[in-house]
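Please consider the structure below, which is to be read from single residues outward to domains and the ligand. The text that follows leads through it step by step.

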Amino acid sequence: MSESRPVRAARGSTLTAKSWQTEGPLRMLMNNLDPEVAEHPESLVVYGGTGKAARNWEAYDAIVRTLTTLEKDETLLVQSGKPVGVFRTHEWAPRVLIANSNLVGDWATWPEFRRLEALGLTMYGQMTAGSWIYIGTQGILQGTYETFAAVAAKRFGGTLAGTLTLTGGAGGMGGAQPLAVTMNDGAVLIVDVDESRLLRRAEHGYLDELAPTLDDAVARVLAAKNEKRALSVGVVGNAATVFAELLERRIPIDIVTDQTSAHDPLAYLPEGVTLADWHAYAAAKPEEFTERARASMAKQVTAMVGFQDAGAEVFDYGNSIRAEAELGGCARAFDFPGFVPAYIRPLFAEGKGPFRWVALSGDPADIAATDKAIVELFPGDEHLRRWITKAQDTVHFEGLPARICWLGYQERHRAGLKFNEMVASGELSAPIVIGRDHLDSGSVASPYRETEDMLDGSDAIADWPLLNALLNTASGATWVSIHHGGGVGIGRSIHAGQVIVADGTPLAAEKIARVLTNDPGTGVMRHVDAGYERAAEVARERGLRVPMWES
Ligand code: NAD
């Protein structure tokens, strides 16, 4: 009953739960664990090191059982992947409220978390793993594409053609990097210790080629760089070793970053440890393993600083590698910036962030119809049109068909209402689920990532994500979550998520209008409060009330 088994969400328009408001979270939980979507579904790990969708298989079964029978005026409470209660609420209330991995400040360390996890009391929810809105590697693709486009704009005249990028980590999120670089016309070399991860990216069209040796890989990417040809090449190796070696060999690399699972030292393979020994060693001697992982990260980051000294564009890609490397003895770890202050903050100031939706029907035609609708809704947005066209050409759906794009305050609710109308009219064959990443403007406190280097120094203030979650709950979201430790690891972030089901009903339209306005609105509010001029302009132009401005 409670053993690992392949999971796949139902497709089509027949309900297995009592309403679409519970069918939505049910299918999305299952979709997170679909072997096509999850990195390690047998252990309920969706992505991001050990980011899980449910605590264990028994808890998974209980969540499924409860969602299948939940009434439209009841709310299920999930504590770190385990369903713990059902309460009578009302139709406007979320159907599911989730809290993942939260620990009291002084206890918020990996060793304490692991101790509690080993006792079966908690789980690591990452961001969209434990909040059931992961959509496979596409979820990160658009943000990664945007980031590399911003790098191109900042340093390389608007294109990566003729540049070479070096990066590490081809996992669930990191696997988007090669395609994001080639979509910007660049050449990229990606290093991963695990060949199966690289093969999976190649299979899904995110990676062009695997090279058998580092020399061969370097020759291929240098040829592409010289010919200004887009090409991605993967090579098996330890990033600490390979980065240092490429620096030593003075390979002309223009951009360097990394997306190994550095946020969790047990999910980063130290030099000198084999893939086969990895997990048993990490479980048996976590402290020794952590020390060795941090030493390797220090070596990798030292090489990254070396590339920066040599003139390359270098940035931390949101995996906390600088902080871990500093703990491993790299004194200059913070010499290069995180990607948010370097490229993304201006978008966050407008409430912009990764907005995503999923066709519960399982029919790709539903996503094609929404793609068309989005482009028609925002006719002046050439950037958006270009992204949707590229995504249609390149993105291989994993699990339920889904789409992502960045929309801001006073934009998202228009898209949501349009989708709801399309469900109501029968233009779409089943409801649409609309959510977002926690890599977001208003719902995250994460001083090494989303809130690094805030203008007013408020990086570590975590009231903002809590207000975001409370507001989404009050506004009618279908499920709302509060997490700790996503992206950058335990002790380093607090963040919130919301998802809403567009089931075509007038009630859903009312909720969508509020949730998809208020949720990005908190991003504008947060940046107004921190003193960002652009956020103040957006608030004035688009009518966000700021009490401290009123007399
Ligand atoms: P993942 O666990 O699915 O993949 C990590 C990959 O790193 C694995 O394939 C693993 O084999 C590889 N790896 C581990 N140690 C290595 C080493 N020493 N050398 C080379 N490869 C090594 O994780 P993911 O979902 O891809 O996330 C990667 C990181 O990015 C995480 O820290 C995550 O929190 C962070 N992240 C960043 C963003 C962002 O927007 N920038 C978003 C989500 C996640």
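A residue is called buried if 20 or more other C-beta atoms lie within 10 Å of its own, and exposed if 12 or fewer do. The model to which this criterion is applied here is a predicted one. Leu-360 has 31 C-beta neighbours inside 10 Å and therefore counts as buried. This leucine belongs to the loop that runs between strand E12 (353-359) and helix H13 (364-377). If neighbours within four places in sequence are left aside, Leu-360 is in contact with Glu-23, Gly-24 and Arg-27, and also with Leu-400, Ala-430, Pro-431, Ile-432 and Val-433. A further link to the start of the chain is seen in the C-alpha atoms of Leu-360 and Arg-11, which are separated by 6.5 Å although the two residues stand 349 residues apart along the chain.

A contrasting case is Leu-119, which is found in the loop between helix H3 (110-118) and H4. Leu-119 has 8 C-beta neighbours inside 10 Å, and so it counts as exposed. Its C-alpha atom is separated by 39 Å from that of Ala-244, a residue 125 places away along the chain. Gln-126 is placed in the loop between H3 and H4 as well. Here the count is 29 C-beta neighbours inside 10 Å, so Gln-126 is classed as buried. The backbone of Gln-126 has a positive phi of about 45 degrees, although the residue is not a glycine.

Lys-228 is likewise a residue other than glycine with a positive phi, near 55 degrees. This lysine sits in the loop between helix H7 (214-226) and strand E9 (231-236). Because 14 other C-beta atoms lie within 10 Å, Lys-228 is partly exposed.

From single residues the account now turns to the interior. The largest nonpolar core comprises 154 residues, and those with the most contacts inside it are Val-221, Val-358 and Ile-432. Helix H10 (residues 286-309) makes the greatest contribution to this core, with nine residues. The surroundings of Val-221 can be followed in detail: not counting residues up to four places away in sequence, it touches Leu-164, Ala-187, Val-188, Leu-189, Leu-231 and Val-233. Ile-432, for its part, is one of the residues in contact with Leu-360.

How is the protein divided into domains? The division gives domain 1 (20-118), domain 2 (138-336) and domain 3 (351-549). The C-alpha centres of domain 2 and domain 3 are 28 Å apart. Between these two domains, 17 residues of domain 2 are in contact with 20 residues of domain 3. On the domain 2 side, the elements that supply two or more residues are H4, helix H5 (177-183) and helix H11 (321-327). H4 provides the largest share of that side, seven residues. By class, the domain 2 side divides into five nonpolar, nine polar and three charged residues.

The UniProt record, an unreviewed entry, carries the annotation "domain: Urocanase C-terminal" for residues 346-540. Over residues 346-540 the chain is 46% helix and 18% strand, with the end C-alpha atoms 16 Å apart. The same kind of record, again unreviewed, lists Cys-405 under "active site". Cys-405 lies in strand E13 (residues 402-407). It counts as buried because it has 24 C-beta neighbours inside 10 Å. Apart from neighbours within four places in sequence, Cys-405 is in contact with Gln-142, Phe-355, Ile-374, Leu-384, Trp-387 and Ile-388.

The ligand remains to be placed. Which residues are closest to it? They are Gly-171, Met-173, Ala-239, Gly-318 and Asn-319, within a set of 35 residues that surround the ligand. The elements that give two or more residues to this shell are helix H4 (138-155), strand E7 (187-192) and helix H8 (239-248). In its make-up the shell has 14 nonpolar, 17 polar and four charged residues. Both domain 1 (20-118) and domain 2 (138-336) contribute residues to the shell, so the ligand lies between them. Helix H4 thus appears in two settings, giving residues to the shell around the ligand and to the side of domain 2 that touches domain 3.

Definitions and conventions
Residues are numbered from 1 along each chain as its sequence is written. This is a predicted model: local features need pLDDT of at least 70, side-chain atom pairs count only at pLDDT 80 or more; totals for chains, interfaces and linings use all residues. A residue is near a molecule or strand if its C-beta atom, placed from the backbone, lies within 6 Å of it. Helices (H or I, at least four residues) and strands (E, at least two) are DSSP runs, numbered from the N terminus. Ala, Val, Leu, Ile, Met, Phe, Trp, Tyr, Cys and Pro count as nonpolar, Asp, Glu, Lys and Arg as charged, and the others, Gly among them, as polar. Domain bounds come from an automatic or database domain assignment. UniProt positions are given in the numbering used here, feature names are shortened, and annotations may be inferred rather than shown by experiment. Two residues are in contact if their C-beta atoms, placed from the backbone, lie within 7 Å. A nonpolar core is a set of buried Ala, Val, Leu, Ile, Met, Phe, Trp, Tyr and Cys residues joined through C-beta atoms within 7 Å.
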